[in-house]
Amino acid sequence: MPARHTILKERDAPVTNTAPGMPAKSPPELLAPAGSLEKCRIAFLYGADAVYLGGKAFSLRAYARNLHDEELAAAVFLAHRSNRKVYVTVNVFARDSDLDRLPPFLEYLEGIRVDGLIVSDPGVLVLARRHAPGTPVHLSTQANTMNSMSARFWQGQGIGRVNLARELTFQEIAEIRLRTSLELEMFVHGAMCVSYSGRCLLSAFLSGRSANRGLCSQPCRWSYRLVEEHRPGQYMPIHEDDCGTFIFNSKDLCLIDELGDLTAMGIDAFKIEGRMKGALYLASVVRAYRQALDTCRTAPEMRGAGASRHLDLDRVSHRPYSKGLLFGDSTGPDGNIHASADYEQTHTLAGLVRLDPRDAGADEFDAPLVSGRVCVEVRSRLVPGMDLDFLFPDGTTETLRLSDFEDLGGNRLECAHPNSRIRIPVHFPTFPLQVIRTSLGTQSRSHEK
């Protein structure tokens, strides 16, 4: 079996490059979103060192599936047996009505041995230290940490890691790193809020859903027209000029080419945004950043991400990419404001490889590589003649021209619909929960036939 298709179930021990006599520093952690237990498994399979996820309450992604208590425990068990970590978001800006419900939840999280709590609210922090005293606490980007004195203040309150505000420049981050000893985390990929580090009132005013309580309706992504008060009924489109529109249509963040410099600076964790995103986004982005980070560790002279990794990032639904405010300039061709509210999307999720029902009782995460007739859970309409890309954790992709397939009863099909399961012949090794994508162009051409 080709070595490049080997799937690592356990992350390697940290490799350090520190000089003799200096304290060893672990390589930066790759932290991925997990909006469900299935996505948690996919993130680990494709190379995440840790995931952040939310329970059914107190999380700023109330519309993600999130995990109930038993799933949280399962996620921790899955992570710890493969040397990974789970951080639970408790980053709601709490009201008094929340305070009585928080202690039992915090005690439960400590009982299942989560690796950290992510908080924003000082009151929640007080409760976390009281009811989960043995669990590390990380500070969310919602707390707007912009300087080293603030970072040291939070360190004095028991915070072990701070996720820095997205508004900071490269030089400002470097200054904070030089002046503080606590762990620093930063977002490197994903959607950017138009408001200050995610604190936004727009959704609450326009739809009655508070972004600061996990209910954001993303009104900054809606299309708008301007009306002058003395010209009712005359709607003027909002256009971007050389300085941008400042409030609408922010681009997506992508710092994959900066990982080498940020690693050398001493950032402890790189965080990917997207608990609401799907399996294709998760697998593609995690494996691209995993490969880039491993290259920084083993071949630091190769700072760039490489064309294949950029291709992965371009093949998920996204807005045009920018480097955010890392270099302090939001104007020009790499600015942060996009003239259109549209997303770019060339590919979609075709399906996931699944355990065959005949293998009932096996564990998907530990299942061996298989080939031959492979069971696939369909996520997009499939017909013969389509090209399917099977994504492997090492960055490689195998393409299969779909010829024929059958349902689980052995009946040949001419079309497979989402949420069904089929068997297809595959000539290379696959694994359960492997992500399969297909080009939207291939879909439409097959439909025309």
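I count two rings of Phe, Tyr or Trp as a pair if their centres lie within 6.5 Å. I keep in mind that this is a predicted model.

**Entry 1: aromatic rings**

With that rule in hand, I looked up how many aromatic pairs the structure holds. The count is six. I picked out Phe390 and Phe428, whose ring centres are 5.1 Å apart with planes at 80 degrees; I call the pair edge-to-face because that angle is over 60 degrees. The pair ties together distant parts of the chain, as Phe390 belongs to strand β15 and Phe428 to strand β19, 38 residues apart. Are these two residues buried or exposed? I find both Phe390 and Phe428 buried. They also belong to one aromatic cluster, together with Tyr46, Phe392 and Phe431.

**Entry 2: strand β20 and its partners**

Phe390 led me on to β20, where Ile436 stands opposite it. I noted that β15 (residues 387-391) and β20 run antiparallel and are joined by two bridges. On to another partner: strand β13 (residues 347-354) is also antiparallel to β20, with five bridges between them. One residue I checked there was His347, whose bridge partner in β20 is Ser439. How many of the five residues of β20 (435-439) are buried? Four of them are, so I wrote the strand down as mostly covered, buried being under 20% relative accessible area.

**Entry 3: Leu433**

Next I stepped back to the loop between β19 (421-430) and β20, where Leu433 has its place. Its relative accessibility is 0%, so I list Leu433 as buried. What does Leu433 touch beyond its neighbours within four places in sequence? My list of contacts reads Glu38, Arg41, Ile42, Leu45, Tyr46, Leu352, Val353, Arg354 and Glu364. I took a C-alpha to C-alpha distance for one of these, Arg41: 7.9 Å from Leu433 in space, with their positions 392 residues apart in sequence. Tyr46, another of the contacts, is the tyrosine I had met in the aromatic cluster.

**Entry 4: charges over rings**

I then looked for lysines above tyrosine rings. The charged end of Lys271 sits over the ring of Tyr52, 4.3 Å from the ring centre. Lys277 has its charged end over the ring of Tyr281, at 5.1 Å from the centre.

**Entry 5: cysteines**

Last, I searched for disulfides and the count came to zero. I looked at the accessibility of two cysteines as well. Cys296 has a relative accessible area of 11%, so I mark it buried. Cys415, at 21%, counts as partly exposed because the cut-off for buried is under 20%.

Terms used
Residues are numbered from 1 along each chain as its sequence is written. This is a predicted model: local features need pLDDT of at least 70, side-chain atom pairs count only at pLDDT 80 or more; totals for chains, interfaces and linings use all residues. Side-chain values use heavy atoms; hydrogens and water are left out. Buried means under 20% relative accessible area, exposed over 50%, partly exposed in between (1.4 Å probe, protein chains only). Helices (H or I, at least four residues) and strands (E, at least two) are DSSP runs, numbered from the N terminus. Two strands pair if DSSP finds at least two bridges between them. A disulfide is a pair of cysteine sulfur atoms within 2.5 Å. Contact means heavy atoms within 4.5 Å. Rings of Phe, Tyr and Trp (its six-membered ring) pair if their centres lie within 6.5 Å; planes under 30 degrees apart count as stacked, over 60 as edge-to-face and the rest as tilted. A charge sits over a ring if NZ of Lys or CZ of Arg is within 6 Å of the ring centre and within 35 degrees of the ring normal.
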